[in-house]
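Hi everyone, and thanks for coming along. I'd like to walk you through one model today, so please have the viewer open and turn it along with me.

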Amino acid sequence: MKVDAVVYLVDSCDKERFAESKKELDALLSDEALTNVPFLILGNKIDISYAASEDKLRYSLGLTNFTTGKGKVNLADSNVRPLEVFMCSIVRKMGYGDGFKWLSQYIK
Ligand SMILES: Nc1nc2c(ncn2[C@@H]2O[C@H](COP(=O)(O)OP(=O)(O)OP(=O)(O)O)[C@@H](O)[C@H]2O)c(=O)[nH]1
C-alpha cells in the first residue's frame, strides 16, 4: 500500500494529552513504511479560548526544529520530509484549507 501523506489531527485544547499525541506521532514518524511521506499536523479547535498556540503545540509535539516551512518550499532534491503545523477549527471551517493546500505541493 502506498501512502501519499499523513494528516495528523490534534485537539489543541486537550493539553493533558499532548504527551500521548507526541508518542503516537513519533511512532508514525519513525515508521519505515512512511519515510519521506509528508506530514500535515492540524491543531484543531482554535475557536476555543484556551486552545494552545501554534508555538506551544509545535513545542509540545517535539516539532520545534522539524517543521519545513509554510508556503512553497521545494524539498524534492533534499531528502527532507515535508512537515508543517497548521492551526484550524473544523467546526468553523477554517485553517485546514491552508494546510491541505500546503500538503498538495508534495503529493505527486
Ligand atoms: N469547538 C470545537 N469543537 C470541535 C471541533 N472539531 C470537532 N469538535 C467537536 O469535538 C467533538 C469530538 O471530538 P473529540 O472529543 O476530540 O473526539 P475524539 O478525538 O474522537 O475523542 P477523544 O479521543 O476522546 O479525544 C465533537 O463534539 C465535535 O463537534 C472544533 O474545531 N471546535
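**The enclosed middle strand and its surroundings**

Let's start with strand β2: 6 of its 6 residues are buried, so β2 is largely enclosed by the rest of the structure. Before I go on, please keep in mind that this is a predicted model.

If you zoom in on β2, you can see how its side chains are split. Phe 39, Ile 41 and Gly 43 point one way, Leu 40, Leu 42 and Asn 44 point the other way, and all of them are buried.

So what does β2 pair with? On one side there is β1, joined to β2 in the parallel sense over 6 bridges. You can pick out Val 10, which stands opposite Gly 43 in β2. On the other side, 5 bridges join β2, residues 39-44, to β3, and these two strands also run parallel. Here Ile 41 faces Val 85 in β3, and Leu 40 stands opposite Glu 84 in β3.

Now zoom out to the whole sheet. Its 3 strands form an open sheet with parallel pairing, in the order β1-β2-β3. The edges are β1, at 6-11, and β3, at 83-87, each of which pairs on one side only. Neighbouring strands in this sheet are turned by 20° against each other on average, direction ignored.

Is edge strand β3 buried or exposed? In β3, 5 of the 5 residues are buried, so this strand too is largely enclosed by the rest of the structure. Both of its faces are covered: Leu 83, Val 85 and Met 87 are buried on one side, and Glu 84 and Phe 86 are buried on the other. For those of you who like to look at charges, that puts Glu 84 among the buried residues.

**How the strands are connected**

Next, the connections. Going from β1 through helix α1, residues 18-29, to β2 gives a right-handed β-α-β unit. From β2 through helix α2, residues 54-60, to β3 we get another β-α-β unit, and it is right-handed.

Read along the sequence, the chain goes β-α-β-α-β-α, and its secondary structure comes to 3 helices and 3 strands. The chain has a radius of gyration of 13 Å, close to the 13 Å from the globule rule for 108 residues, so it is as compact as a globular protein of that length.

**The last helix**

Let's turn to α3, which covers residues 96-104 and has Gly 99, Trp 102 and Leu 103 buried. Looking down the axis of α3, its buried residues fall within an arc of 100°, so they line one face of the helix. What do they pack against? The buried residues of α3 pack against β2 and β3. On the other side of this helix, Gly 97, Lys 101 and Ser 104 are exposed.

**The loop before it**

Just one more stop along the chain: Gly 95, in the loop between β3 and α3. Buried takes 20 or more other C-beta atoms within 10 Å and exposed takes 12 or fewer; Gly 95 has 17, so it counts as partly exposed. Leaving out residues up to four places away in sequence, Gly 95 touches Ile 46, Phe 86, Met 87, Cys 88 and Ser 89. If you'd like a distance to check in your viewer, try the C-alpha atoms of Gly 95 and Asn 44: they are 51 residues apart along the chain and separated by 8.7 Å.

**Whole-chain numbers**

To finish, a few overall values. The C-alpha trace spans about 40 × 25 × 25 Å along its principal axes. Of the 108 residues, 29% count as buried. And among contacts between residues at least 6 apart in sequence, 69% join residues at least 24 apart.

That's my tour, and I'm happy to take questions.

Key. Residues are numbered from 1 along each chain as its sequence is written. This is a predicted model: local features need pLDDT of at least 70, side-chain atom pairs count only at pLDDT 80 or more; totals for chains, interfaces and linings use all residues. Two strands pair if DSSP finds at least two bridges between them. Helices (H or I, at least four residues) and strands (E, at least two) are DSSP runs, numbered from the N terminus. Axes are lines fitted to C-alpha atoms, for helices over the stretch in contact, and angles run from 0 to 180 degrees between N-to-C directions. A crossover is right-handed if, with the strands pointing away from the viewer, the path from the first strand over the helix to the second runs clockwise. The arc is that of the directions from the helix axis to the C-beta atoms. Two residues are in contact if their C-beta atoms, placed from the backbone, lie within 7 Å. The radius of gyration is taken over C-alpha atoms; the globule rule is 2.2 Å times the number of residues to the power 0.38.
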